[in-house]
Amino acid sequence: MQKINKKGVKRYQAIFFDFGGTLMDAESDNVTHLQMMKDIIQKYNLPACPEDLVDKYNSFLFTKEMTLLDGDPEDESFIPLGESTKKAFAGILSQYNIHPSLEDYRWFKEIYFENHQKYIKLFPETWEIIRYLRNHHRPLHLGIISDIDNDYMEFQFNILGISSLFDSITTSEEVQSYKPEAKIFQVALNKAGCRGEKSIMVGDSYKRDIAGGKNVGMTTIWINKFNLDNPDTEKADFIVIHLKDILPILDELIK
Ligand SMILES: [Mg+2]
């Protein structure tokens with residue numbers, strides 16, 4: 001692989017990370033959802049156990065790898081994640097013949113943010129990796145490309161203290177489309193001022209991060225933490241199991 005062109009300009013100018021399940025510990029998302037379900041059970045006095053309810057809630061929103069379910073391919077309108085979580089909340093209540101009022105939705109949004117504030121955590125190595133890249137590869141543009149809403153991103157990233165570590169953050173709500181559509185990657189690349197071929201995409205969803213990134217020319221590192229036996233891996237330039245495994249690859253690519 002050619003790392004440096006003839007003029008000695010570094011080949012790579014930007015590294016982009018997915019957030020959920022890549023920098024943020026997906027297990028902490030599970031804990032958060034479990035706590036939200038406990039709040040819902042208590043408020044509505046539901047005869048349910050939190051584990052069953054969280055399965056139901058997640059089934060409205062996510063695959064088992066906690067990436068977003070695909071939307072209706074016929075429907076080209078963009079639905080923010082906040083709308084989908086409200087629908088999931090209404091979906092679980094409807095099983096108990098409860099139809100949420102505007103006040104119920106307002107309460108749900110409140111406990112959604114409260115529990116995310118309390119329980120969402122980054123992987124311990126996230127700090128290590130970002131600091132390392134900052135210290136050793138300073139001119140690189142570091143970005144996040146995430147299928148999240150703007151209000152959630154601002155709230156959560158401030159609490160985690162990571163906003164200032166990144167040069168750009170691109171959300172699906174901002175561009176009105178979800179990964180793997182090219183638009184979100186292109187907007188992120190514009191922010192970095194570089195082409196896909198000059199950038200690296202790191203993510204845990206093969207379909208969204210890796211296929212999406214490769215389709216705009218990025219070099220891709222798939223964190224296959226569930227060790228999925230995916231028959232189709234051709235869009236991944238590198239496959240690792242843990243986030244920390246990306247450092248030697250990045251060092252090699254960027255040097
Ligand atoms: Mg992810």
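The following exercises, each with a worked solution, concern a predicted model.

Residues are numbered from 1 along each chain as its sequence is written, and side-chain values use heavy atoms, with hydrogens and water left out. Because the model is predicted, local features need pLDDT of at least 70 and side-chain atom pairs count only at pLDDT 80 or more, whereas totals for chains, interfaces and linings use all residues.

**Exercise 1. The metal site**

Identify the protein donors of the magnesium ion and state where the aspartate donors lie in the chain.

Solution.

Step 1. Donors are N, O and S atoms within 2.8 Å of the metal (3.2 Å for Na, K and Ca); water is not among the atoms, so sites may look incomplete.

Step 2. By this criterion the magnesium ion has protein donors from D18 (OD), G20 (O) and D204 (OD), at 2.1 to 2.2 Å.

Step 3. Along the chain these donors follow the spacing D-x1-G-x183-D. The pair D18 and D204 links distant parts of the chain, 186 residues apart: D18 is in the loop between β1 (14–17) and α1 (26–44), and D204 is in the loop between β4 (199–203) and α9 (206–215). Helices (H or I, at least four residues) and strands (E, at least two) are DSSP runs, numbered from the N terminus.

Step 4. Accessibility is classed as buried under 20% relative accessible area, exposed over 50%, and partly exposed in between (1.4 Å probe, protein chains only). D18 is buried because its relative accessible area is 6%, and D204 is buried because its value is 10%.

**Exercise 2. Salt bridges**

Determine how many salt bridges the model contains, and describe the pairs R106 with E110, K179 with D209, and D245 with K244.

Solution.

Step 1. A salt bridge is a side-chain nitrogen of Lys or Arg within 4 Å of a carboxyl oxygen of Asp or Glu. The count by this rule is 12.

Step 2. R106 and E110 form a salt bridge with an N to O distance of 2.7 Å. Both residues belong to helix α4 (residues 102–119), 4 residues apart, which is about one turn of the helix. R106 counts as partly exposed because its relative accessibility is 43%; E110 is likewise partly exposed, at 37%.

Step 3. In the bridge between K179 and D209, the closest N and O atoms are 2.8 Å apart. This pair links distant parts of the chain, 30 residues apart, with K179 in the loop between α7 (172–175) and α8 (182–192) and D209 in helix α9. Both K179 and D209 are buried.

Step 4. D245 and K244 meet in a salt bridge at 3.8 Å, N to O. D245 is partly exposed at 26% relative accessibility, and K244 is partly exposed at 47%.

Step 5. Salt bridges that share partners join D18, K179 and D209 into one network. D18 is also a donor of the magnesium ion.

**Exercise 3. Backbone geometry**

Locate the cis peptide bond and describe the phi values of N45 and N97.

Solution.

Step 1. The cis peptide bond joins K179 and P180, with omega about 10°. P180 is placed in the loop between α7 and α8.

Step 2. N45, a residue other than glycine, has a positive phi near 55°. N45 lies in the loop between α1 and α2 and is exposed, with a relative accessible area of 69%.

Step 3. N97 is not a glycine, yet its phi is positive, at about 55°. The residue occupies the loop between α3 and α4 and counts as exposed at 67% relative accessibility.

**Exercise 4. Placement and spatial separation**

Characterise F157 and G217, and give the C-alpha separation of each from its partner, I169 or G196.

Solution.

Step 1. F157 lies in helix α6 (residues 150–160). F157 counts as buried because its relative accessibility is 1%.

Step 2. F157 and I169 are 12 residues apart along the chain, and their C-alpha atoms are separated by 10.0 Å.

Step 3. G217 is in the loop between α9 and β5 (219–223) and is partly exposed, with a relative accessible area of 23%.

Step 4. G217 and G196 are 21 residues apart in sequence and 4.6 Å apart in space, C-alpha to C-alpha.
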